[in-house]
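I have a new structure open and want to get my bearings. These are my notes, in the order I looked things up.

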Amino acid sequence: MVVVGAGPAGLMAAEAAAVAGARVTLRDQRRSFGRTLLLAGRSGLNLTHDEPLEEFLGRYGTGRELVESAIRAFPPSAVRTWADELGADTFVGSTGRVFPAAMRATGLVRAWLGRLVELGVVFEPATPWTGFDDASERTVLALGGASWPLVGGDGSWVAIFVAAGIAVDPLVASNAGVEVEWSAALLDRFEGTPLKNVAVSIDGQTVRGEPTITAQGLEGGPIYALGPRIRVALARQRVSLEIDLQPDLTEADLAQRLAARRRAKDSQSTWLRRAGLQPAAVAIMREATDNRLPTSADGLAALAKAAPLPVRGLAPIDRAISSAGGVAAAEVDETGMLRRRPGTWVVGEMLGWDAPTGGYLMQACLSTGRRAGTAAAASQVA
Ligand SMILES: Cc1cc2nc3c(=O)[nH]c(=O)nc-3n(C[C@H](O)[C@H](O)[C@H](O)COP(=O)(O)OP(=O)(O)OC[C@H]3O[C@@H](n4cnc5c(N)ncnc54)[C@H](O)[C@@H]3O)c2cc1C
């Protein structure tokens with residue numbers, strides 16, 4: 001049988017099928033395998049998340065039905081055991097995210113490819129998939145979404161699927177940053193700086209966390225989590241995020257603290273820092289007021305609790321962490337096999353589920369890959 005696509009979903013499908021006794025050929029359009037894992041590992045390879053399974057499954061929203069049986073069969077605890085057996089030595093970070101001890105993916109990918117070779121998997125790099133072929137070979141397609149086409153997929157499979165009469169929801173950016181027109185002064189000092197412990201809001205939804213200032217705008221968990229709401233708002237109107245730069249204090253408490261900590265000789269920046277506002281937060285306040293900060297403690301407190309940040313748009317899909325959209329649930333059976341093309345399975349981000357960052361993406365790719373690899377191997381033997 002053939003597995004096409006050597007990201008996490010395809011590698012896992014190949015492993016599961018080979019373990020089940022199938023002779024597996026693993027193809028990818030690229031010359032080397034596992035490149036999306038290596039990219040993900042640059043910022044810490046978040047393999048899965050440590051939390052009760054019911055909560056975990058809730059992260060997939062309306063796409064839950066596409067991944068639930070796969071995750072129940074190969075849950076987060078099994079991913080950890082699997083990774084540990086590859087020498088990853090996983091640990092649970094303070095927010096429940098699970099990482100390999102080395103944080104990066106290099107060692108895990110090397111060990112994983114070595115295991116596949118030992119299992120007899122044949123590698124065929126630089127071999128693009130260009131369409132359904134009518135040969136009778138069992139095939140698992142693991143071509144990914146359309147984010148980061150430089151290392152992963154480019155979504156060109158969508159047109160081929162649609163032409164074959166298979167319903168696919170359009171691929172759109174998910175877990176994407178927002179674009180902000182920063183002043184040169186802010187970027188000069190704060191590009192790459194996280195805004196520690198802030199709360200970001202839009203249209204009544206608030207998410208706390210640590211977004212990072214980038215040349216294009218803001219990236220990171222709270223921005224990704226607000227993505228769907230930002231996308232809806234942008235379709236209607238100009239959009240501003242509201243940033244609470246001191247979410248642990250009420251506005252009145254912050255105003256009181258500012259009033260109490262003022263020293264006659266202090267610059268405004270020093271005064272704000274004395275009241276606990278980090279330098280990047282002060283820069284956001286300056287940005288929001290065109291560098292005309294209020295002079296009173298009350299005015300500064302009001303601004304720090306709700307600094308408006310105009311957003312130009314969402315980052316394009318080729319800069320997003322993942323893609324929403326994909327093959328519709330009605331098109332696949334409970335193992336991920338295409339109903340219209342028996343003998344062809346679809347796994348990973350090609351399927352139409354979506355989830356936030358936090359290890360949920362990798363987990364769904366690994367679990368759906370394993371489910372399809374196992375099913376494909378069994379059907380080959382039968
Ligand atoms: C910067 C970054 C950091 C991330 N960090 C994390 C993280 O820490 N934790 C997490 O859970 N998720 C993370 N993700 C998301 C995660 O990497 C993806 O969800 C995951 O890689 C998707 O897996 P996949 O196997 O479905 O597809 P992909 O990993 O995209 O793999 C698809 C493979 O198919 C190949 N391919 C595509 N089209 C063809 C074709 N026509 N012919 C042949 N081969 C083809 C591609 O070359 C690629 O190798 C991150 C993503 C990015 C961009």
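**Entry 1: around the ligand.** Before anything else, a reminder to myself that this is a predicted model. I started at the ligand and asked which helix gives the most to the shell around it. That is α2, with 4 residues. I also looked up where α2 sits, and it covers 35-41. Helices α1 (8-19) and α14 each supply at least two residues of the shell as well.

Then I counted the whole shell: 36 residues surround the ligand. The closest ones are G5, G7, G144, G152 and G348. Sorted by type, the shell residues come out as 17 nonpolar, 14 polar and 5 charged.

**Entry 2: domains.** I checked how the chain is divided. Domain 1 comes in two stretches, 2-175 and 320-381, while domain 2 runs over 178-314. Their C-alpha centres lie 37 Å apart. For the contact I noted 6 residues from domain 1 and 5 residues from domain 2. On the domain 1 side that touches domain 2, I found 3 nonpolar residues, 3 polar and no charged.

**Entry 3: the core.** Next I went looking for the largest nonpolar core, and it has 116 residues. A13, A14, A17, I284 and V347 have the most contacts inside this core. Helix α14 (residues 360-381) makes the largest share of the core, with 10 residues. Why does this core lie between domain 1 and domain 2? Both domains give residues to it, so that is where I place it in my notes.

I picked A17 for a closer look. Skipping its neighbours within four places in sequence, I have A17 in contact with M1, A22, V24, G373, A376 and A377. Of these, G373, A376 and A377 fall within the 360-381 range of α14.

**Entry 4: helix α12.** I284 from the core list sent me to α12, residues 279-288. Is this helix mostly covered or mostly open? Mostly covered: 8 of its 10 residues are buried. I wrote them down as A281, V282, A283, I284, M285, R286, E287 and A288. The buried list takes in R286 and E287 along with I284.

What covers those buried residues? I noted helices α8 (184-190), α11 (268-274) and α13 (297-305), plus strands β14 (239-244) and β15 (307-311), among what covers them.

Last thing I jotted down: just after α12, D290 takes a positive phi of about 55 degrees.

Note on methods
Residues are numbered from 1 along each chain as its sequence is written. This is a predicted model: local features need pLDDT of at least 70, side-chain atom pairs count only at pLDDT 80 or more; totals for chains, interfaces and linings use all residues. Domain bounds come from an automatic or database domain assignment. Two residues are in contact if their C-beta atoms, placed from the backbone, lie within 7 Å. Ala, Val, Leu, Ile, Met, Phe, Trp, Tyr, Cys and Pro count as nonpolar, Asp, Glu, Lys and Arg as charged, and the others, Gly among them, as polar. A nonpolar core is a set of buried Ala, Val, Leu, Ile, Met, Phe, Trp, Tyr and Cys residues joined through C-beta atoms within 7 Å. A residue is buried if 20 or more other C-beta atoms lie within 10 Å of its own, exposed if 12 or fewer, and partly exposed in between; C-beta atoms are placed from the backbone. A residue is near a molecule or strand if its C-beta atom, placed from the backbone, lies within 6 Å of it.
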